[in-house]
Amino acid sequence: MKSFIEETLDHLMKNSCDFSSTRFVLPGKRPIVFFKKEFQTRNFKGVLPSFCTIEELMEEISGLNMLGGLDLCFAFFEAYAKANPTKANFEDFLKWQSIALKDFDDIDANAKDPLDIFDYLSDIHQIERWGENSQSLEEQQKTLMYNQLNFWRELKSAYLVLNQDLSDKNLGYKGAVIRQAHKNINDFLKQNQTQFVFIGFNAFTVLEEKMIVQIIKNNSGEILFDSDPYYLDQDLQEAGFFLRKHKENPYFSKGFISESAKFIQEKNIGFVEVPNNVSQGKVAGVLLEDLTFQKENTALVLADELLLEPVLGGLTPEIDTINLTMGIPLGKQGISTLFQQVFDLHKNREKLGKNKAFYYKNILSLGKNLHLPTSYQNAMGGMISAIEKNNLLFLDGPWVQEKLQETPDFAALFSVFEKPSSLIEVLKKWSESLLETAKSELEKNALILFCELFESLHKKIIQHPDWIGSFKVLYLLYQGELSSQTLNSIGNPLSGLQILGILETRLLSFDNLIMTSVNEGVLPLGKKENTFIPFDVRKEKGLNTFVDNDAIYGYHFYRLVQRAKNIYFIYNTDTQGLGSGEKSRFLSQLEIESPHKIVTKIVQSSLLTTLESQKKIAQTKGGVLALKQYMEKGISASAIASFLGYPLDFYKRYVLGIKQDDLSVEENLSSQSIGTLTHLCLEELYTPLIGKTLVGSDLLKIEKEIEPMLEKHFINMVGTNTKGENHLQKMVVLSYLKKVVKQDLLTLQKGNELCIEKLEVSVSREFEHPNYTINLTGKIDRIDRLNGMYRLVDFKTGKVDSLEITKEEQNIFDNNKKGIFQLLFYGYLWAAEKPGQIISMSMFDLTKNQIERPLLILGEKEFSPKTIENLMQQLHTIIDQWMDPSHVFEEKIEEKFY
């Protein structure tokens with residue numbers, strides 16, 4: 001099947017086109033190399049035509065250079081400030097300027113009278129306010145309606161000033177360039193003898209179409225369309241919407257050279273459903289494995305170009321030659337996270353640290369970034385330890401810089417800059433120093449681009465330092481520049497797999513086609529327009545709407561299908577995020593309307609398989625040895641409780657040795673820290689009373705000491721962050737401490753004798769097992785004597801399970817009886833200290849009003865060591881499970897009811 005490029009040259013050669021005086025005007029640059037290849041294939045001996053895009057032609061005709069990016073943003077603000085000096089706030093301006101400029105483009109390129117649009121919108125809002133005359137003029141001016149009305153007046157003034165300012169410098173934004181080109185077209189044609197051939201276009205702006213018609217009328221050119229009867233001849237088929245209009249234009253009607261029915265020819269079409277975006281890249285790689293023998297004529301088209309990274313990651317090693325002219329977004333490179341974190345550092349210093357202190361989370365994330373060179377990671381190590389050890393939330397710039405004095409270029413990033421723009425100069429120098437430690441050629445190329453970006457940004461903002469009033473504004477400008485930067489394209493466009501965005505496919509055709517992200521909301525975008533101009537006004541005034549955009553993307557979609565033979569459309573079924581799990585309506589149209597048989601495949605998530613495999617871990621000989629060594633060293637009640645509730649976590653920690661980092665910074669007290677703080681205060685409060693038979697005055701005295709003692713330990717734990725949630729948590733701990741004292745007072749008031757024997761007692765004991773040496777260790781919160789009998793007390797600030805052993809259920813290693821097991825564990829250890837002593841055991845549940853909950857065994861509160869030892873023999877079963885080489889540590893799934 002011939003490509004459109006082949007058909008175009010057939011047509012032009014048949015009509016004896018003089019290529020030496022011809023210029024091909026194309027929708028984009030990528031097809032140029034394919035035209036040249038086709039000339040070479042035909043052994044063409046003459047002078048090749050020249051090539052340009054329609055944007056380049058508009059610049060040439062207008063005499064203006066097209067301005068964009070940050071330069072246009074600054075020029076627009078200058079114009080806005082001149083026209084509306086009292087409203088000129090740069091930070092607010094940045095929030096809406098890009099939308100306004102897009103509207104300017106549409107207005108200039110399509111409207112007969114641009115100023116009429118602004119007046120029309122003002123009139124509409126004026127009418128909407130009709131009937132509000134009960135307010136005085138001064139009151140009206142304060143209303144939201146008035147502000148909206150006034151916005152269009154301000155925008156009109158800024159529009160006029162901007163166009164004049166840019167025109168004086170021979171500059172213009174895209175729409176202004178098109179409008180000026182339209183004014184100059186007749187003069188241009190008088191001075192130009194070139195024949196123009198417009199190839200492969202679909203939709204034009206109003207003024208572009210008028211200019212092309214003028215060129216054709218002047219016998220200076222022709223236009224050629226790529227089309228197919230399938231969508232051209234069906235009035236309801238949106239892909240042919242613009243082409244049908246062009247066919248009715250007498251100057252365009254001869255340009256339909258590609259009317260043979262290609263779309264209905266036999267094709268292999270497959271739909272592939274995948275459960276998430278990342279999986280699309282892997283699936284695309286699998287599909288390509290079957291097409292690698294035809295890779296010279298294979299395209300992987302990304303409907304959502306943000307999917308480039310997972311797509312590249314999904315390619316197999318067999319696909320060794322690719323062509324990627326769309327470039328790799330610079331912001332998607334791993335090294336970009338370093339610069340992102342530096343901006344976050346200063347934005348939060350400004351927002352949270354009162355412009356003086358750095359927020360600890362930003363320092364930790366930057367210091368632990370894997371892309372940070374080793375020398376900087378080492379320099380950050382000591383500071384990170386100090387932050388975590390001392391629970392520092394905000395850090396002064398000089399303190400940070402002192403810690404990093406051995407790496408001055410890095411330390412400079414932590415300066416407390418008076419002007420936000422100063423950060424860019426420091427980032428430029430730092431990015432240059434990073435070049436010396438680049439870990440790959442790709443990272444080095446990315447850093448070179450960052451150096452250039454910061455150099456360019458610095459030159460631009462240094463001209464307007466007063467505009468950059470905050471790091472938030474600076475970051476917005478940086479993001480604007482970053483979004484337009486891509487790493488250089490890779491590969492040869494004439495060989496290997498072609499990876500393209502939708503717009504890059506214009507004029508090109510492929511035998512094998514794989515397209516990703518073919519979801520509604522991605523292809524087409526649907527009702528997603530960034531514009532200030534309402535839909536009905538756009539439609540009435542001839543501006544493009546989302547309906548037109550859908551028709552444009554419909555054409556791109558069907559044009560690719562018409563010449564392809566093997567086609568796969570991949571879409572995401574996940575209901576979260578972009579696309580909402582709904583396949584594109586273009587696919588539904590293919591299923592319902594086209595003559596082709598569609599095969600749909602559903603790909604199950606490999607992630608689910610991975611998660612399933614993580615739910616079970618089989619014991620090994622190495623695991624048995626690790627547990628044996630651990631038991632000899634000493635095993636605690638918390639370790640056994642961990643096994644009962646979370647076997648996999650137990651295995652990871654006590655067998656594999658994977659432990660969570662104990663050092664962490666707490667902005668708000670965790671439940672664990674609340675328990676630690678409570679125990680710490682209780683130990684200090686009751687230590688002076690050890691060995692004394694208590695009287696009421698003793699407890700009333702320590703009750704007065706609770707608040708100052710808590711305040712001291714609380715500040716040591718959380719630093720200066722004592723407000724908000726932390727204050728509420730402190731009040732919770734205060735109530736816990738008062739409950740303990742109140743409980744002891746109540747005990748005395750009932751005529752009981754109470755003596756504190758020991759606090760936070762470390763105890764250990766060997767557990768008898770026929771095959772292993774097992775040492776049990778633990779710490780008992782409090783041991784007292786209640787009416788002469790020893791009582792073990794465990795303070796709990798969390799959930800307390802059942803504390804009763806019945807005749808019917810005496811299994812102490814049930815997951816719901818961890819409290820029982822813990823008390824018996826401590827009782828077993830204490831029995832070795834006091835052989836033969838009868839004891840009682842209680843938990844003080846500090847979350848309740850009546851906090852004491854005694855352990856009950858068959859209804860009894862007092863136990864002999866023999867009773868405890870008999871129950872603890874059940875531990876043999878647990879030990880045997882651990883040491884069984886065939887045992888599987890399996891995650892327990894809790895049922896949840898909603």
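Across which strands does helix H13 (residues 277-289) lie? In this predicted model, in which local features need pLDDT of at least 70, side-chain atom pairs count only at pLDDT 80 or more, and totals for chains, interfaces and linings use all residues, helix H13 lies across S8, strand S9 (298-302), strand S15 (497-501), strand S16 (512-516) and strand S17 (566-572), running at about 165° to S17. Residues are numbered from 1 along each chain as its sequence is written, and side-chain values use heavy atoms, with hydrogens and water left out. Helices (H or I, at least four residues) and strands (E, at least two) are DSSP runs numbered from the N terminus, while axes are lines fitted to C-alpha atoms, for helices over the stretch in contact, with angles from 0 to 180 degrees between N-to-C directions.

The strands crossed by H13 are part of an open sheet of seven strands, ordered S10-S15-S9-S16-S17-S8-S18 with parallel pairing, where two strands pair if DSSP finds at least two bridges between them. Its edges are formed by strand S10 (322-324) and strand S18 (598-602), each of which pairs on one side only, and neighbouring strands are turned by 20° against each other on average, direction ignored. Strand S8 (residues 268-274) runs parallel to S18 and is joined to S18 by five bridges; Ile269 has Ile598 in S18 as its bridge partner.

An open sheet of five strands, also with parallel pairing, follows the order S2-S1-S5-S6-S7. Strand S2 (50-53) and strand S7 (256-258) stand at its edges with a single partner strand each, so one side of each has no neighbour in the sheet. The twist from one strand to the next averages 30°. Strand S6 (residues 221-226) pairs with S7 in the parallel sense over two bridges, and Phe256 in S7 is the bridge partner of Phe225. Helix H1 (residues 4-14) lies across strand S1 (22-26), strand S5 (195-199), S6 and S7, at about 145° to S6.

A nonpolar core is here a set of buried Ala, Val, Leu, Ile, Met, Phe, Trp, Tyr and Cys residues joined through side-chain atoms within 4.5 Å, and buried means under 20% relative accessible area, exposed over 50% and partly exposed in between (1.4 Å probe, protein chains only). The largest such core has 107 residues, of which Phe414 and Trp430 touch the most other members; its largest share, nine residues, comes from helix H4 (residues 69-83). Leaving aside neighbours within four places in sequence, Trp430 is in contact (heavy atoms within 4.5 Å) with Leu338, Phe339, Val342, Leu372, Tyr376, Asp409, Phe410 and Leu413. A second, separate core of 77 residues includes Leu224, Ala303, Ala564 and Leu590.

Elsewhere, the axes of helix H27 (residues 621-633) and helix H35 (residues 875-883) come within 9 Å and cross at roughly 140°. H27 is therefore oblique to H35, given that angles under 35 degrees count as roughly parallel, over 145 as roughly antiparallel, 65 to 115 as roughly perpendicular and the rest as oblique. Val624, Leu627, Lys628 and Met631 of H27 make the contact with Ile879, Trp882 and Met883 of H35. These residues divide into six nonpolar, no polar and one charged, where Ala, Val, Leu, Ile, Met, Phe, Trp, Tyr, Cys and Pro count as nonpolar, Asp, Glu, Lys and Arg as charged, and the others, Gly among them, as polar. Gln881, placed in helix H35, is partly exposed, with a relative accessible area of 28%. Not counting residues up to four places away in sequence, Gln881 touches Phe643 and His887.
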